[in-house]
Amino acid sequence: MAIRNIREMGDAVLNKTCKEVKEVTGRTKMLIQDMFDTMYEAQGVGLAAPQVGILKRITVIDVTGEDPILLINPVILETSGEQTGNEGCLSVPGKTGVVTRPNYVKVRAYDENLRPFEIEGTELLARAFCHEIEHLDGHLYVEKVEGELMDVEDAEE
């Protein structure tokens, strides 16, 4: 498929609320495949449609590199616990920041055939669910950073 350009912080599309997906067309399926390809090419663990300039409620996630997850019109149903750790974003390249998120998240979403399902995640997957779903409402993780954004190289020391 195609690798799409990832929009970066400062691009107005990243601050807009996405529209609900009411039908999955051939173009939507192509977008989903392109999003997976783009995420893997960029070595990310998640990507939301606005990050490639499309204002639809679609996100793709794969925290292991072997377990792709597609979420259409996702809604967080339940959260619990707490985790604090470094977080980054393909739309904020070279930067990281400390963010506190729930340690458990339950999501309701739709698959590529618009069949509803629920999925649960803990730790990194829970963090990814929250991070990507926030993109769909026009929010970036930098709004939640505790302290300062750091260069990735500095955070690894």
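# Strands, pockets and salt bridges

Biologist: In which sense do strand 2 and strand 3 pair, and over how many bridges?
Modeller: In this predicted model, they are antiparallel, with 4 bridges between strand 2 and strand 3 (residues 69–80). One partner pair is Ile-61 with Ile-69 of strand 3.

Biologist: How many bridges join strand 1 to strand 2?
Modeller: There are 3, and strand 1 (residues 46–48) also runs antiparallel to strand 2. Val-60 of strand 2 has Leu-47 standing opposite.

Biologist: And which way do the strand 2 residues point, and are they buried or exposed?
Modeller: Ile-58 and Val-60 point one way, Thr-59 and Ile-61 the other, and all are buried.

Biologist: Pockets next. How much space lies in the largest pocket?
Modeller: About 380 Å³. The lining has 22 residues, and those closest to the centre are Val-45, Glu-87, Gly-88, Cys-89 and His-131.

Biologist: Which helix gives the most to that lining?
Modeller: Helix 2, with 6 residues. Helix 2 (123–135) and strand 4 (83–87) each supply at least two. By class the lining of the largest pocket holds 8 nonpolar, 9 polar and 5 charged residues.

Biologist: What lines the second largest pocket?
Modeller: Arg-4, Thr-25, Arg-27, Thr-28, Met-30, Leu-31, Ile-54 and Lys-56. That makes 3 nonpolar, 2 polar and 3 charged residues, around a space of about 170 Å³.

Biologist: Switching to charges: how many salt bridges does a search of the whole structure find?
Modeller: It finds 10. One of them joins Arg-57 to Asp-137, with the closest N and O atoms 3.1 Å apart. This pair links distant parts of the chain, 80 residues apart: Arg-57 sits in the loop between strand 1 and strand 2, and Asp-137 in the loop between helix 2 and strand 8 (146–151).

Biologist: Why does Arg-57 count as buried?
Modeller: Because its relative accessible area is 14%, and buried means under 20%. Asp-137 is at 33%, so Asp-137 counts as partly exposed.

Biologist: What about Asp-11, which residue does it bridge to?
Modeller: Arg-7, again with the closest N and O atoms 3.1 Å apart. Asp-11 is partly exposed at 23% relative accessibility, and Arg-7 is partly exposed at 31%.

Biologist: And Arg-115, which side chain does it meet?
Modeller: Asp-111, at 3.2 Å from N to O. Asp-111 is buried at 19%, while Arg-115 is partly exposed at 48%.

Biologist: Which residues are joined into one network by salt bridges that share partners?
Modeller: Glu-87, Arg-101, Arg-127, Glu-134 and Lys-144. Glu-87 is also among the residues closest to the centre of the largest pocket.

Notes
Residues are numbered from 1 along each chain as its sequence is written. This is a predicted model: local features need pLDDT of at least 70, side-chain atom pairs count only at pLDDT 80 or more; totals for chains, interfaces and linings use all residues. Side-chain values use heavy atoms; hydrogens and water are left out. On a 1 Å grid over the protein atoms alone, a cavity is a set of points where a 1.4 Å probe fits but cannot get out, and a pocket is an open set with protein on both sides within 12 Å along at least five of seven lines; lining residues have an atom within 4 Å of a point. Grid points are joined across faces, edges and corners, and a volume is the space filled by probe spheres set on the points. Ala, Val, Leu, Ile, Met, Phe, Trp, Tyr, Cys and Pro count as nonpolar, Asp, Glu, Lys and Arg as charged, and the others, Gly among them, as polar. Buried means under 20% relative accessible area, exposed over 50%, partly exposed in between (1.4 Å probe, protein chains only). Two strands pair if DSSP finds at least two bridges between them. A salt bridge is a side-chain nitrogen of Lys or Arg within 4 Å of a carboxyl oxygen of Asp or Glu.
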